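Okay, everyone, thanks for coming. Let me pull the structure up on the screen and then we'll walk through it together.

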Amino acid sequence: MRNRALGVLLLLLLCACGGQEDSVPTLTVSGSAVGAEGEVLARQIRRFAAGNPGLRVTVQQTPDDATQRHQLYVQWLNAHVGTPDVLQLDVVWTPEFAAAGWILPLDRFSPDSGDFFPASLAANTWQGKLYALPWFMDVGMLYWRTDLLSAAPSSLAELTALARRGKAAGPRYGIVWQGARYEGLVTVFLEILGGFGGSILTPEGRVAVDSPQGIAALAYLKGQIAAGLAPPEVLTWHEEETRFAFQNGNAVFLRNWPYAWALLGKPGESRVAGRFAIAPMPAAPGGKSTAALGGAQLAVNAHSRHPEAAFRLISYLTAPERMLERARVVGQYPARRSVYRDPRLAEALGADPAAVLAIVERARPRPVTPVWTELSEILQIHLHRSLAGQTETAAALHDAAREMEAVLERSGLGGPS
Ligand code: GLC
């Protein structure tokens, strides 16, 4: 019996070591497939592979939900698994993964980083070293129905009033946003918080979510649900569920990222094609119109068996031409400043590059710290509970702030940058 087991083990080892795996190195890249992303990634990877015979490249799909994707990555990386070799990271994860030793500093590859936006370079830098290259920029924005309204709202109060007026004309919902308990909810909150003049942390790094502005922001979101403008279902919705609601003609307003633009504009697939526009999220008096800064970066797994090839793929995917193609197919905003000077970008995006550039440059980053996931998770729990009517607004934010402060103190990292 024992011998048989040994025999099987030997066979398994032989299978694992021999064959194609070793003769043709395989690079695995983890990517998201929201909307047309999977399509353009597959196309670009095919071209890269054609120019790199002797290398195979495969895509490993991961969940769309940012928080679930993060959990999966933590499992892989914590186990020191060498794949995926190239990781698509959310802008808020790089410091955490760098501090954990899960991704490689890129200095050994001498990347040319001068063309990228300073805010995203800062978000990808940990202890003076760059760990990931920005791939595309996400900024939160307001989609609105031009067939129901004549202008975008100029204040948060007007947003509520117009949601009500537009809804009276037919659609089931006044506004839809990402309210499930995940990272997306924090970005929605950040935008309304900024709109009331608040922030997640003070410039000195103190937690500020329980400020009067924080309370006003959470009360504002709760008010939209209480008034029947945002459906209670938003508390389980991510980007795609909200896009579908808007795309099917069921909402007057949608808060989402740029990727939704191209999909909503497809006649035949979208009931609102030709009947919507985008606008910045409005602010309250004394606040500031705020777009959350999001986006994807590419990093090399610290345990990859092919780090040089992995970086070659990252360089290829983050080159200007690929960003332009991604802008054309997916509608995502390039992460290189030079692409905004390319006359082809206007046609690719169907929008004025100068206006897009202004939005990207003013977008509000989330705090750059290796403990962001912990801070965000606390906030998600308390925001969500309160939105679901289980806790009172001020108490929810008070509790969130105390728990977030404890994380910052315990981490011994001081205030995030
Ligand atoms: C988008 C953004 C990312 C954000 C996430 C939240 O993927 O690029 O930064 O954290 O949405 O759902």
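I'll start with the ligand site, then go through one helix, the sheet, and a few backbone oddities.

Before anything else, keep in mind that this is a predicted model.

So, the ligand. Which residues are around it? There's Asp90, Val91, Asp138, Tyr182, Glu183, Gly184, Glu239, Trp257, Gly294, Gly295 and Arg366. If you sort that shell by class, you get three nonpolar, three polar and five charged residues. Two elements each put at least two residues into the shell, namely helix 8 and strand 11, which covers 293–300.

Now the polar contacts, since I know you'll ask about distances. Glu239 has a polar side-chain atom sitting 2.6 Å from a ligand oxygen. With Gly295 the backbone does the job: one of its polar backbone atoms is 2.7 Å from an oxygen atom of the ligand. And Arg366 brings an N or O atom of its side chain to 2.8 Å from a ligand oxygen. How much of the ligand does the protein bury? Taken alone, the ligand exposes 310 Å², and the protein buries 87% of that.

Next up is helix 8, which we just met in the shell. Helix 8 runs over residues 183–195, so to speak 13 residues, and reaches 19 Å from the first C-alpha to the last, close to the 18 Å expected at 1.5 Å a residue. Is helix 8 enclosed or open to the outside? Of its 13 residues, 13 are buried, so the helix is largely enclosed by the rest of the structure. After helix 8 comes Gly197, with a positive phi near 90°.

Staying on that side of the chain, look at Ser211, in the loop between helix 8 and helix 9, the latter being 212–226. Its relative accessibility is 15%, and the cut-off for buried is under 20%, so Ser211 counts as buried. A polar atom of the Ser211 side chain lies 3.1 Å from the backbone oxygen of Ala208. There's a long-range neighbour too: Ala401 is 190 residues away along the chain, yet the two C-alpha atoms are separated by 9.5 Å.

On to the sheet. Six strands make an open sheet with mixed pairing, in the order 2-1-3-11-6-12. The edges are strand 2, at 56–61, and strand 12, at 333–334, and each of those pairs on one side only. Strand 12 runs antiparallel to strand 6, residues 133–139, and two bridges join them. If you want a spot to click on, Met137 stands opposite Tyr333 of strand 12.

Last bit: backbone geometry. As background, most residues other than glycine have a negative phi, and most peptide bonds are trans. Where is the cis peptide bond here? Between Thr83 and Pro84, with omega at about -5°. Pro84 belongs to the loop between helix 4 (66–78) and strand 3 (86–90).

Then there are two non-glycine residues with positive phi. Ser110 has about 45° and lies in the loop between helix 5 (94–99) and helix 6 (118–123). Gln127 has about 50° and sits in the loop between strand 4 (125–126) and strand 5 (129–130). Are these buried or exposed? Ser110 is exposed, at 60% relative accessible area, and Gln127 is exposed as well, at 68%.

That's my tour; over to you.

Methods
Residues are numbered from 1 along each chain as its sequence is written. This is a predicted model: local features need pLDDT of at least 70, side-chain atom pairs count only at pLDDT 80 or more; totals for chains, interfaces and linings use all residues. Side-chain values use heavy atoms; hydrogens and water are left out. Helices (H or I, at least four residues) and strands (E, at least two) are DSSP runs, numbered from the N terminus. The expected span of a helix is 1.5 Å times one less than its number of residues. Buried means under 20% relative accessible area, exposed over 50%, partly exposed in between (1.4 Å probe, protein chains only). A residue is near a molecule or strand if one of its heavy atoms lies within 4 Å of it. A polar contact is a pair of N or O atoms within 3.5 Å; within protein, one must be able to donate a hydrogen and the other to accept it, and residues adjacent in sequence count only if both atoms are side-chain atoms. Accessible areas come from the Shrake-Rupley method with a 1.4 Å probe; for residues, only the protein chains shown count as cover. Ala, Val, Leu, Ile, Met, Phe, Trp, Tyr, Cys and Pro count as nonpolar, Asp, Glu, Lys and Arg as charged, and the others, Gly among them, as polar. Two strands pair if DSSP finds at least two bridges between them.
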